[in-house]
Amino acid sequence: MHRIQMTFVLATVAMVFGLCGCSGESGSLSGSADEEAGTVAYSVTDYRKRIREDRITLSDYEKQYDEEIKAVTGTEYGKLHFETAEFEDFPETDRLVLMTPSVEKISVEDTIAETENWLENIGKVDEVNLSTELGIDLRGSEGELREGEDSIDLGAYFVPLFYNRMDELSSGDGAVIMRPDCYMCIDRVGMSQMSDGKACEYLRAKGAADSQATDILNMENVGDPVVSGSIKELSDVSYPLINGELSIGAGAELVDEYYSDMGTMEHPDGIRYEAAEVEVYSLEDVFFYRYRVQRNYYNVPIVYAAEGHYQFYSDYSLSGEGTKAYVVDNEGVTAFNGTPYNEGLIPLVTEDSLIGVAEAADILEEDLAAQINADISSVGLAYLPLVFQIEENSFETIIFPCWKFSGRNTVKDEQVNLYVDVLTGEIYYYGYTPFDQEFELEQ
């Protein structure tokens, strides 16, 4: 196998978006098999040939899941150790899907509507003049400024005004606003970054330099980490924010509400966002919450990427999502970056059955490389987005339905995530070392 070493930071994740059962009767959901196979170079036909027949329907498996957990925890494996493993609840879902992200770009009209809606929501619709402050970051030759053309300064380079180029645009991808008091970027299918400026305003009022205050626009490299963990563990913990104390659980509810209500466009079918993990940071004399936002597809979570140094042991790399939402007061989300809320997913293969978790553990035990010896900390169903190179400068993301086994590889002293495709039994895995092992979240 080829070994790929990679360091994941937020920009990398944004660039990519910008993972023993009983035999039973099962099959494809009517009308949905190979729905959009022609949209990808990945061979869906070959994948379907590898789907195992010894699967059990989701409805039947839910009834025996607890017995499967007992079977796994009661088995002595040579390379997998489940003594302290937590098994996630079996999700309420009627399908397991091989899929790929939608690549249909946002229209010019929807871009304007989304931008106006956002300005209305943050109370700046009368302050921002879109005709002179909305830019279009086209990059490449098409994005080069013409002599004498009006533009806006993005710091590293200038971009033309959106309205001046509207008649030439094939989509609204690349729309951006960059002001000292607010920031917004629309990427491919929708808004992928924004800051309403509240934290900047607070920092300036406290005497922070403009450069420090501007950093909060991306909400990175600002403040010192205080604590991190799951929403479940820290829900009742409170810290003073800009306008008083707010519990971490209440902040998570604000995040969930924000993603359920935001935007003018419809949410894609089956997709739901929720705050899954939190990091607390200091902000001068108060604090702010940075939530890791998990996207779910028909109640099965899509893997998001921890920040660290990764090692992949084959010709794929992780395209885990990196959505983060920031709360600085009790009024809602002040900033976010990551997967646009309205990005769709295209089903390639849809099934209503799976390989059980006990069978998946047996597959791992039999086929794992010799250098793996893992203390498993958590197990559950998840969707694994992987990037494959199709041509020299062409990459494709395919999302696999998997059993996810997370833990620590004691041989290499690294975090390890092991995945078994619930339809084919194929294994995907990688190791990673968080940038700060004492603080970094372990997903």
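Strands β15 (residues 271–283) and β16 run antiparallel and are joined by 12 bridges. This is a predicted model, and β16 makes a good guide to it: 12 of the 12 residues of this strand (residues 286–297) are buried, so β16 is largely enclosed by the rest of the structure. Below you will find its strand partners, its two faces, one of its glutamines, and then the nonpolar cores.

**Partners of β16**

- Within the β15 pairing, Glu 274 sits opposite Gln 294 of β16.
- The hairpin formed by β15 and β16 has two residues between the strands, and Glu 284 adopts a positive phi near 55° there.
- Strand β20 (residues 324–327) also runs antiparallel to β16, with four bridges joining the two; here Arg 292 has Lys 324 as its bridge partner.
- Two bridges link β16 with strand β17 (residues 300–301), again in the antiparallel sense, and Tyr 297 stands opposite Val 300 of β17.
- In the hairpin of β16 and β17, two residues lie between the strands, and Tyr 298 has a positive phi near 45°.

**Two covered faces**

- Both faces of β16 are covered.
- On one side, the buried residues are Val 286, Phe 288, Arg 290, Arg 292, Gln 294 and Asn 296.
- On the other side, Phe 287, Tyr 289, Tyr 291, Val 293, Arg 295 and Tyr 297 are buried.

**A closer look at Gln 294**

- Gln 294 belongs to strand β16, and its relative accessibility is 8%; since buried means under 20%, Gln 294 counts as buried.
- What does the side chain of Gln 294 reach? Its target is the backbone oxygen of Ile 302, at 2.8 Å.

**The nonpolar cores**

- The largest nonpolar core has 113 residues, and those touching the most other members are Phe 82, Tyr 259, Tyr 291, Leu 354, Phe 400, Trp 403 and Phe 405.
- Strand β24 (residues 374–391) supplies the largest share of this core, with nine residues.
- Apart from that core lies another one of 11 residues, including Ala 199, Leu 203, Val 328 and Ala 335.
- Phe 405 is worth selecting in the viewer: leaving aside neighbours within four places in sequence, its contacts include Phe 82, Val 357, Ala 360, Ala 361 and Leu 364.
- Phe 405 is also in contact with Ile 376, Ser 378 and Val 379, as well as with Val 416, Asn 417, Leu 418 and Val 420.

Definitions and conventions
Residues numbered from 1 in each chain as written. Predicted model: local features only at pLDDT ≥ 70, side-chain atom pairs only at ≥ 80, totals over all residues. Heavy atoms only, no water. Core = buried A, V, L, I, M, F, W, Y, C linked by side-chain atoms within 4.5 Å. Buried < 20%, exposed > 50% of the residue type's maximum accessible area, 1.4 Å probe, protein only. Contact = heavy atoms within 4.5 Å. Pairing = 2+ DSSP bridges. Polar contact = N/O pair within 3.5 Å; in protein donor to acceptor, adjacent residues only side chain to side chain.
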